[in-house]
Amino acid sequence: MLDYKLYYWDLPFRGNFIQLMLEEAGAQYERHEATEIYPDRSLKLHNPSMAPPYLYECKSKTYYAQMPACLMHLGREYDYLPKRAETHTLALKTILDCNDILVEITNWNGQVMWQKNDWESFRHSRLPQWMQIFEKTGLDHGLKGGEGYLLGSQISVADIATTALFGTLVYSFPEFEDDLQQTAPHIAELCQRIEARPAIKSFLIKQREEYGRGYCGGQIERSLRKMIG
Ligand SMILES: N[C@@H](CCC(=O)N[C@@H](CS)C(=O)NCC(=O)O)C(=O)O
């Protein structure tokens, strides 16, 4: 029986946060084209939303949107939320941090194309600062070489989100591999460890055959590639 339908574009970007969680949890799901909902049906849904990803839960016949809300929902459904108040709140904070980074790296969701000076300042100042935040968070909660997770001894949605962010970034733009390794070595290792989990690994192999190194698509991906290249 089908558990979920995910409506998103043929790209990893925000969709992978949800897809990695669904794969990790062993959920039965289908991926649908975002255009089946967006833009014409968005406002007609019960629980309307502005933009993909949309997640349809079959058992409750409910649509959800906003990537962090979808991921928190799946975290609750599949028991991937930390139990303590601090780490539970930090799980949401981590997903929101990831979503902020997606907004920043795409220059406010592609509203403006990157200019060299702004890009250099983002890549060499702001992005490393974000990486340090993740590294320090992991170290504060017991992440060590080869063991532990971002928020403690158990895997949570925060690890899925961190991997969907940095794992995808490094795969789509191998130029970032050294940046992450130098600035946040424990996060680099964590992403590799999460990507090696059996369900996630086989999903990523298939996805990467299909999409290659595609990231967020459109003019903004071309602008990003121009800056990095
Ligand atoms: N805050 C939303 C952002 C949604 C968003 O920007 N979606 C992109 C794809 S990743 C889109 O298709 N946007 C079209 C639009 O905003 O009209 C979320 O986290 O889900």
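**Helix packing, domain contact and loop geometry**

In this predicted model, helix 2 passes helix 3 in a right-handed crossing. Helix 2 covers residues 67-77, and the two helices pack at an angle of about 145°, with their axes 9 Å apart. On the helix 2 side, the contact is made by Met67, Pro68, Leu71 and Met72. Helix 3 contributes His88, Leu92, Ile95, Leu96, Asn99 and Leu102. Sorted by class, the residues joining helix 2 to helix 3 comprise eight nonpolar and two polar ones, with no charged residue.

Helix 3 has a further partner in helix 6. The axes of helix 3 (residues 85-105) and helix 6 (residues 157-172) come within 8 Å of each other and cross at roughly 20°. Angles under 35 degrees count as roughly parallel, and helix 3 and helix 6 are therefore roughly parallel to each other. The handedness of this crossing is left-handed, whereas helix 2 passes helix 3 in a right-handed one. From helix 3, the residues that meet helix 6 are Ala91, Thr94, Ile95, Cys98, Ile101, Leu102 and Ile105. They face Val157, Ala158, Ala161, Thr162, Leu165, Phe166 and Leu169 of helix 6. The contact of helix 3 with helix 6 holds twelve nonpolar residues and two polar ones, and no charged residue takes part. Ile95 and Leu102 are worth a second look in the structure: each is in contact with helix 6, and each also belongs to the contact with helix 2.

At the level of domains, the assignment splits the protein chain into domain 1 (4-77) and domain 2 (85-228). Their C-alpha centres lie 20 Å apart. In the contact, 20 residues come from domain 1 and 29 residues from domain 2. The area buried between domain 1 and domain 2 is about 2,300 Å², and 72% of this lies on carbon and sulfur atoms. Within domain 1, the residues losing the most area to domain 2 are Phe13, Phe17 and Leu20, which together account for 30% of what that side buries.

Another helix pair involves helix 5 (residues 116-140) and helix 10 (residues 218-228), whose axes come within 10 Å and cross at roughly 75°. With this angle, helix 5 is roughly perpendicular to helix 10. Lys116, Trp119 and Arg123 of helix 5 meet Leu224, Met227 and Ile228 of helix 10. Four nonpolar and two charged residues make up the contact of helix 5 with helix 10, with no polar residue present.

Some backbone details in the loops complete the picture. Tyrosine 38 and proline 39 are joined by a cis peptide bond, with omega at about 0°. Proline 39 sits in the loop between strand 2 (29-33) and strand 3 (54-57). A cis bond also runs from proline 52 to proline 53, where omega is near 5°, and proline 53 is likewise placed in the loop between strand 2 and strand 3. Farther along the chain, lysine 61 lies in the loop between strand 3 and strand 4 (62-65). Although lysine 61 is not a glycine, its phi is positive, at about 50°.

Terms used
Residues numbered from 1 in each chain as written. Predicted model: local features only at pLDDT ≥ 70, side-chain atom pairs only at ≥ 80, totals over all residues. Heavy atoms only, no water. Axes fitted to C-alpha atoms, helices over the stretch in contact; angles between N-to-C directions. Helix = DSSP H or I, 4+ residues; strand = E, 2+ residues; numbered from the N terminus. Parallel < 35°, antiparallel > 145°, perpendicular 65-115°, else oblique. Left-handed = near helix turned anticlockwise from the far one by under 90°. Contact = heavy atoms within 4.5 Å. Nonpolar A, V, L, I, M, F, W, Y, C, P; charged D, E, K, R; others polar. Domains from an automatic or database assignment. Buried area = accessible area lost by both parts, 1.4 Å probe.
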